[in-house]
Amino acid sequence: MTLRLTDEQSEIRALAREFASREIRPFASEWDARRALDPTVFSKLGELGFMGMRAPEGYGGLELDLVTYLLVLEELAWGDASVALGLAIHAGPVTDLLQRYGTEAQKERYFPRVAAGELLGAFALSEAEAGSDARSLTSAWEWRGSDRVLSGTKKWVTNGGLAGLVLVFARDSEKGRISAFLLDPELHEYEIGRREVTMGLAASETVELCLDQVPLGEDSLLGEEGQGFRYAMEAMEVGRLGIAAQAIGIARAAFEHARDYAKERIQFGRPLSDFQATRFKLAEMITRITRVRALTLSAATLMEEGCGGGEFPSPGVLAAMAKLSASEGAVWTTDEAVQIFGGYGYMR
């Protein structure tokens, strides 16, 4: 295993950084204030191929490796984490599960538009009483004649109101087994419920989906019936790495803002960066960022290679560790950045 980036990975990361600098950062404050992204940001990402990062080449995707995908997410989160989150759901769990378990007809129907950014993907697993305990979900389907009919309410669905493809999980009302289905607003009628007001990621659209006797049609089942919980857990491993990469981007942005401000801000006749206390803070910030990036990319590399176990944690466990460490590190780093900014750090 090596963490050395290839020339292609470095070039793609640089492209993502340039896009974030030009198309995301200048508008992030505006999007945050009005709690909505400019919808063209996803079509622009599609033009660069980023919406199809993990989609197969045969359907117009780039079929990038997991490390490169995470490098892109970090750069986009450095620009605005709301953009990165929307892309992570679309290009991570939704794309991966469609690739692994979709039929050829399903792939032909959706992948070209997924890769082009013509439709946005959403992942609908959680419910009011089924957050971390995904097995306790109550959304259910039943046979009605020759068709499956789905009912229930899904919570905290990122991209839910904008999505052209929703991966939804529900149990068999008779057998209790969980299956995965592809919900298409062009084919299925369902209601977009309440938009959540989140403490952060304000521009990200997080909604509930209300499913009331929705006929699913013949080709909506993803993979095997009754295997949905396993599919969801597989998707979570990639999803955790995506969250870690976003947290790294957030932390890095905070560090860079604080570092640059410390060089410019004069107090007691000297720049803040001349004071040892400030230097200690900045050194610890970049150390934590570098450490958790190494953990995240190591987990991704092992996951791709199918390695792990034995003396070392499995890739899935490493992914959980990376998510925990990166998210805690982002909170710590941003708080330290506020301290370096002093009174200005409390201003929006």
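In this briefing, Ala, Val, Leu, Ile, Met, Phe, Trp, Tyr, Cys and Pro count as nonpolar, Asp, Glu, Lys and Arg as charged, and the others, Gly among them, as polar. The structure is a predicted model. The points below concern helices α1 and α3 and the second largest pocket.

**Helix α1**
- Helix α1 comprises 18 residues, 7–24, which at 1.5 Å a residue should span 26 Å; its end C-alpha atoms lie 25 Å apart, in agreement with that expectation.
- Its buried residues are Q9, I12, A16, F19, A20, E23 and I24.
- Because these buried residues cover an arc of only 105° around the axis, they fall on the same side of α1.
- D7 and E11, by contrast, are exposed on the other side of α1.
- The cover over the buried residues of α1 includes α2 (28–34), α3 (40–47), α4 (66–79) and α5 (81–101).

**Helix α3**
- V41, F42, L45 and G46 are the residues of α3 given here as buried.
- They span an arc of only 145° around the axis, which places them on the same side of α3.
- Among the elements that cover the buried residues of α3 are α1, α2, α4, α5 and α6 (104–116).
- After α3 comes G49, which has a positive phi, near 90°.

**Second largest pocket**
- The second largest pocket holds about 300 Å³ of space.
- Its lining consists of 20 residues, and those nearest the centre are L37, P39, F42, L120 and L162.
- Sorted by class, this lining contains nine nonpolar, six polar and five charged residues.
- F42 thus appears twice: it is buried in α3, and it is one of the residues nearest the centre of the second largest pocket.

Definitions and conventions: Residues numbered from 1 in each chain as written. Predicted model: local features only at pLDDT ≥ 70, side-chain atom pairs only at ≥ 80, totals over all residues. Heavy atoms only, no water. Helix = DSSP H or I, 4+ residues; strand = E, 2+ residues; numbered from the N terminus. Expected span 1.5 Å × (residues − 1). Buried < 20%, exposed > 50% of the residue type's maximum accessible area, 1.4 Å probe, protein only. Arc of directions from axis to C-beta. Contact = heavy atoms within 4.5 Å. 1 Å grid on protein atoms, 1.4 Å probe; cavity = no way out; pocket = protein on both sides within 12 Å on 5 of 7 lines; lining within 4 Å. Points joined across faces, edges and corners; volume = space filled by probe spheres on them.
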